[in-house]
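Q: I am new to this structure and should be grateful for a close look at a single part of it. Please take the ligand site as the point of departure.
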Amino acid sequence: MRLKNKVAVITGGAQGIGRAIALGMAREGAKVVVADLQSEKARSVADEVKILGGDALGFEVNVADESSVKRLAEATFAQFGRVDILVNDAGVYLKSSVVDMSEADWDRTLDINLGGNFLCCRAFVPAMREQKSGRILSMASGIGHYGMKQFSHYAASKAAIIGFVKSLARELGPDGITVNAICPGSANTAMPRSHRSEEEVMQRLHSTPLPHILEPEDIAGPILFLASDAAAYITGQSYNINCGTYMY
Ligand SMILES: NC(=O)c1ccc[n+]([C@@H]2O[C@H](COP(=O)([O-])OP(=O)(O)OC[C@H]3O[C@@H](n4cnc5c(N)ncnc54)[C@H](O)[C@@H]3O)[C@@H](O)[C@H]2O)c1
């Protein structure tokens, strides 16, 4: 029970990696707020937590909308009175070459993936500052390091998260708050399937030095450690969880 009595907010918690993080944190004793654009699915993950014997709130949020994020913070404090862990997991993965890309797709990707990080941090950091402790974990991506054709907006948003996290880690260190980024390799979720055939997805999942298909729980495991007291002095880092696909 490494997270006993902690309160964790997980955006994008309705499915995939976010769901695995929410369930994993609940198993470690945290009370979780499962926040997602998909409200029914968010509530159903919260119900799964309750069936496990945990405490949870499912809440609809659009992380790109300031007033929606404000409502999420208000609901979190009303239900649990504090916040210890913020996981910025919500994200979109749109496909387009640069020349064919609409400004709407560019803006949507940056607004959700990067802007959502900013808005959620801004909403929850004051409470963490007051209690002089907190953990912020933001999902970046290996693509933020090595790039990907037809996903330049996604790559830009994820590379920017790494810079954002490093800067925020410097700002918040004196308040006892750690801020880290996670860079998963291709994982077995709906997201890579939105633009690749099943065969391509499986080929990518198999072409790693460690012969293993990355499941959401494999990403959640190191995040549980980073959210725990054992990781109190790790901040401003970006962690590759990728079965060794690339190494730096
Ligand atoms: N799956 C991968 O291979 C992979 C690899 C690297 C990084 N990532 C990152 O990990 C995170 C989770 O990925 P996943 O594979 O579980 O994705 P997913 O598509 O299964 O889940 C993303 C969740 O974010 C939610 N979401 C989208 N826009 C939102 C918004 N505006 N407000 C609130 N919620 C919103 C969706 O409803 C969904 O539940 C993402 O940030 C993604 O970029 C995934």
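Q: How many residues surround the ligand, and which are the closest?

A: The model under discussion is a predicted one. In it, the ligand is surrounded by 29 residues, and the closest of these are G12, G16, G91, T189 and M191. Sorted by class, the shell around the ligand consists of 16 nonpolar, 11 polar and 2 charged residues. Two helices, α1 (16-27) and α7 (190-193), each supply at least two residues of this shell.

The description may now turn to the sheet. An open sheet is formed by 7 strands, whose order is β3-β2-β1-β4-β5-β6-β7 and whose pairing is parallel. Because β3 (56-60) and β7 (238-241) stand at the edges and have a single partner strand each, one side of each is left without a neighbour in the sheet. On average, and with direction ignored, neighbouring strands of this sheet are turned by 15° against each other.

One pair of strands illustrates the arrangement. Strand β1 (residues 7-11) runs parallel to strand β2 (residues 31-36), and 5 bridges join them. Within this pair, V9 has V33 in β2 as its bridge partner.

Helices complete the picture. Helix α4 (residues 103-131) packs on the sheet and touches β1, β4 (85-88), β5 (134-139) and β6 (177-184); the direction of α4 makes about 180° with that of β4. Helix α9 (residues 216-227) lies across β1, β4, β5, β6 and β7, and runs at about 155° to β5.

Note on methods: Residues numbered from 1 in each chain as written. Predicted model: local features only at pLDDT ≥ 70, side-chain atom pairs only at ≥ 80, totals over all residues. Near = placed C-beta within 6 Å. Helix = DSSP H or I, 4+ residues; strand = E, 2+ residues; numbered from the N terminus. Nonpolar A, V, L, I, M, F, W, Y, C, P; charged D, E, K, R; others polar. Pairing = 2+ DSSP bridges. Axes fitted to C-alpha atoms, helices over the stretch in contact; angles between N-to-C directions. Contact = placed C-beta atoms within 7 Å.
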